[in-house]
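This report walks through a few local features of one protein model, explaining each term as it comes up. Please keep the sequence and the structure in view while reading.

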Amino acid sequence: MTTPSHHALAQRLQGLNLYLVGMMGTGKSAVGRPLAEALGYRFLDADDALQQVAGRTIPDIFARDGEAGFRDLETAVLGQIAGWHSLVVATGGGVVTRPENWGHMRQGVVVWLDAPASVLLERLHADPTPRPLLEADDPSARLGELLGQRQPLYAQADLHVQQEGTGPSEVALQVLAGLPSILKDPAAAPPSPISLRQADGTISPSLN
């Protein structure tokens, strides 16, 4: 059950989707669930949706179609998601590498979940989920390489949330606390109709 303050925040969002971006291991799915619950939103894992559409697992898509084929499918799925509303969407770590994806996500609010590389490595070592992009002789070095490529892209997000190994619920609260600072209040209507003074001195109502 949401608190009044979160209800008010949901009203200010007016159904805008929230897109969680960040490296693998930042807990986008884990954070997305309590965040969606707090706002009365639905939660969607974009990678799960992609696998349902493809009828294959992500490692299989990478093996058969390569990263380019995976990114094409990811962009198509994200385009469909952008047509919905009131969603918290956990995206794949590389979604930010394509400008088309930013076009879809900019229709909502983009939140970068950030964490130190040491935290990411610890979480990834404990997670049995296959990570095709980390299948390298030195996964730590590969992760550092990906971070170097993607951090400037993640930095284009509307909201940056830095986490230091805190739990998903705590990080969700960080997101909720940060969202009001980036949301614009709707413009207030003028207290009375605006009038225009014509060249001959007469006054007439404005087009408003």
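Which residue just after α3 takes a positive phi? That residue is glycine 55, whose phi is about 70°; helices here (H or I, at least four residues) and strands (E, at least two) are DSSP runs, numbered from the N terminus.

The model is a predicted one, in which local features need pLDDT of at least 70 and side-chain atom pairs count only at pLDDT 80 or more, while totals for chains, interfaces and linings use all residues. Residues are numbered from 1 along each chain as its sequence is written, and side-chain values use heavy atoms, with hydrogens and water left out.

Helix α3 spans residues 46-54, and within this helix Ala46, Ala49 and Leu50 are buried, where buried means under 20% relative accessible area, exposed over 50%, and partly exposed in between (1.4 Å probe, protein chains only). Because they cover an arc of only 100° around the axis, they sit on the same side of α3; the arc is that of the directions from the helix axis to the C-beta atoms. An α-helix has 3.6 residues a turn, so residues three or four places apart point the same way. The cover over the buried residues of α3 includes β2 (42-45), α4 and β3 (87-90).

Asparagine 17 belongs to the loop between α1 (4-13) and β1 (18-21), and because its relative accessible area is 4%, asparagine 17 counts as buried. Leaving aside residues up to four places away in sequence, asparagine 17 touches several others, including Ile81, Trp84, Leu87 and Gly108, a contact being heavy atoms within 4.5 Å.

The table lists polar contacts, which are pairs of N or O atoms within 3.5 Å; within protein, one must be able to donate a hydrogen and the other to accept it, and residues adjacent in sequence count only if both atoms are side-chain atoms.

| Side chain | Backbone partner | Distance |
|---|---|---|
| Aspartate 45, oxygen (caps the N-terminal end of α3) | Aspartate 47, nitrogen | 2.9 Å |
| Asparagine 17 | Tryptophan 84, oxygen | 3.3 Å |
| Asparagine 17, polar atom | Leucine 87, nitrogen | 3.0 Å |

Alanine 155 lies in another loop, between α7 (139-154) and β5 (159-162). This alanine 155 counts as partly exposed because its relative accessibility is 49%. Although alanine 155 and valine 96 are 59 residues apart in sequence, they are 10.0 Å apart in space, C-alpha to C-alpha.
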